[in-house]
Amino acid sequence: MHTDFRRFLVVVACIWGNILLIPKGLQAQDPQFSQYYAAPLFTNPAFAGSTHQTRLGLNYRNQWTNLETNFVTYSGGVDVFLERINSGIGLLITQDMTAASGGVQSTDIGIQYAYELAMSDRWTARFGMQGSYVLRSSSFAGLLFGDQFVANQQNFANPTAEALPDGNLGYFNLAAGGLVYDEYFWIGLSAHNLTRPNQTIGAGQNRLPIRYTLQVGRKIVFEKAANWRDKYRPGYKEISLTPTLLYKHQGAFDQLDLGLYYTYSPIVFGLWYRGLLFKAPEGTLLNQDALVGLVGMRVGGLALGYSYDLTISRLSPATGGTHELSLVWNIPSAERRGVKPKVRKGNPCPDF
C-alpha cells in the first residue's frame, strides 16, 4: 500500500472546461470528452481506484478547430486502490480555455474518494465523492469588438474604450457517483456541481446547473482467458466487442453518446453517434451533434487513443471537427502480477 500511495503523490498537472461568453453575463456548461472512459475520474468519481492498479491519465481536446474562438481542454489524473481499506483515492486537475487571445479560462483541482463493496462473488458496488476548488479568470484585453472595424464610432453607445471586468473568481464544488459492475457489465450514475456555484465574474448571478451522467456498458468477449491472471501476462490477445451508452443532462441540455468499441489486441477501434433523436431543438427535425471515430493501441498497461468528432449538426460547414488524444498508463500492483493469490477483479470499462 505504501508504494501505491507514493505513486499517488506523483502530481499530474493539466487542464479542462467549456465556456460560452454572451452579452449580459457569462453562461457556461461543463465540457466533455468523446473518449469518456479514457477520462474516468472526470466521468464519475466512483471510478477512483476501480482498476485495482495505479492509473495515470492525460487527455487533450481541441474542439471546433476552424473557429478562432475554439475550445481547448487539457486534463490529468492519477488514482490508486488501497486494498486494506477497500478504497480508491484520486487526484484530477483540469483546465479549459478558448484559443483566442481573450476571454475566460477555468482550472479545476479535485480530490476523490471511492469505497468498494463486494455485493456477492459476482457483483461489486462502488460509491465515490469529489471535492474540488475551481479558479476562473477573465482577460478581455485581447478581444475585438464591432466598433473597431468602422470609421465612425458615434453610433455605438458603449465604445471599446469602456472598462471591462477582468478578474478572478474561486469557488468550491462537490460531485458524487455510484457504480455497479461484474466482470463484463457495468452501470454508473454521477452528479456534478452539487453546490450549484455562481460563476459570474463581477456583479450578477449565474449558477452552474447540476450535471447528471448515466454510464452503461457490456463487454462481449469472443476469446476468454482460461485464468484471470492471463489477462495481465505477455501474449494474451483480447478479442471483444463493447457497446456503451453515455447519457448526460444539465439544465436544458441533454445528450446521448451511443456506440461501441472493437478490440483485437493490441488495436482498438471505436465508433459513436452523439445526439438525441427523441428531443429535437425548437425549429429543427433532428437533435444531432457528431459522429465520433476512434483508433487506439494498448501495449501492456499503456493505452494511447486518438478520436475525431465529425460535426453533423447545422454547424458542420464551419467547425472543422474536434480532435482528441488520450494516454492511460495502468501500473499493476503486486497482486495483479500474481505475487499474491488474493485479488479482486477490476471493472471491465475500456481505457479509451
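This report walks through the salt bridges, the aromatic pairs and a nonpolar surface patch of a predicted model.

## Salt bridges across the chain

Let's start with the charged side chains. The structure holds 10 salt bridges, and three of them are described here.

In one of them, Arg61 pairs with Glu324, and their closest N and O atoms are 2.7 Å apart. This contact links distant parts of the chain, since Arg61 sits in strand β3 (residues 54-63) and Glu324 in strand β17 (residues 322-331), 263 residues apart. Are these two partners buried or exposed? Arg61 is buried, because its relative accessible area is 3%, and Glu324 is buried too, with a relative accessible area of 1%.

Another salt bridge joins the side chains of Arg122 and Asp182, at 2.8 Å from N to O. Arg122 belongs to the loop between β6 (103-118) and β7 (124-139), while Asp182 belongs to the loop between β8 (167-181) and β9 (185-192), so the contact ties together parts that are 60 residues apart in sequence. The two ends of this bridge have their own surroundings: Arg122 counts as exposed at 55% relative accessibility, whereas Asp182 counts as buried at 7%.

## A network of charges

Arg274 and Asp289 also form a salt bridge, and here the closest N and O atoms are 3.8 Å apart. Arg274 lies in strand β14 (residues 267-275) and Asp289 in strand β15 (residues 288-299), so this pair ties together parts that are 15 residues apart in sequence. With a relative accessibility of 2%, Arg274 counts as buried. Asp289, at 22%, counts as partly exposed, because buried means under 20% relative accessible area.

Which residues does the network of salt bridges link? Its members are Arg61, Asp257, Arg274, Asp289, Asp309 and Glu324. You can therefore find both the Arg61–Glu324 bridge and the Arg274–Asp289 bridge among residues of this network, if you follow the names in the viewer.

## Aromatic pairs

Now for the rings. The count comes to 9 aromatic pairs. In one of these, the ring centres of Trp123 and Phe185 are 6.3 Å apart and the planes stand at 80 degrees, so the pair is edge-to-face. Trp123 is in the loop between β6 and β7 and Phe185 is in strand β9, so their contact ties together parts that are 62 residues apart in sequence. Trp123 is partly exposed, with a relative accessible area of 26%, and Phe185 is partly exposed as well, at 27%.

Tyr261 and Trp272 make an edge-to-face pair too, with 4.9 Å from centre to centre and 80 degrees between the planes. Tyr261 comes from strand β13 and Trp272 from strand β14, 11 residues apart, and the pair links distant parts of the chain. Both Tyr261 and Trp272 are buried. These two rings also belong to one aromatic cluster, together with Tyr36, Tyr37, Phe47 and Trp186.

## A nonpolar patch on the surface

Finally, have a look at the outside of the model. A nonpolar patch on the surface is formed by Ile220, Phe222, Leu260, Tyr262, Tyr264, Phe269, Val295, Tyr306 and Leu325, with about 800 Å² of accessible area together.

Which strand gives the most to this nonpolar patch? Strand β13 (residues 253-264) does, with 3 residues. Ile220, another patch member, is found in strand β11 (residues 220-221). At 35% relative accessibility, Ile220 counts as partly exposed.

Terms used. Residues are numbered from 1 along each chain as its sequence is written. This is a predicted model: local features need pLDDT of at least 70, side-chain atom pairs count only at pLDDT 80 or more; totals for chains, interfaces and linings use all residues. Side-chain values use heavy atoms; hydrogens and water are left out. Patches are made of residues with over 30% relative accessible area and no salt bridge: like charges are joined within 9 Å, nonpolar side chains (Val, Leu, Ile, Met, Phe, Trp, Tyr) within 5 Å. Accessible areas come from the Shrake-Rupley method with a 1.4 Å probe; for residues, only the protein chains shown count as cover. A salt bridge is a side-chain nitrogen of Lys or Arg within 4 Å of a carboxyl oxygen of Asp or Glu. Helices (H or I, at least four residues) and strands (E, at least two) are DSSP runs, numbered from the N terminus. Buried means under 20% relative accessible area, exposed over 50%, partly exposed in between (1.4 Å probe, protein chains only). Rings of Phe, Tyr and Trp (its six-membered ring) pair if their centres lie within 6.5 Å; planes under 30 degrees apart count as stacked, over 60 as edge-to-face and the rest as tilted.
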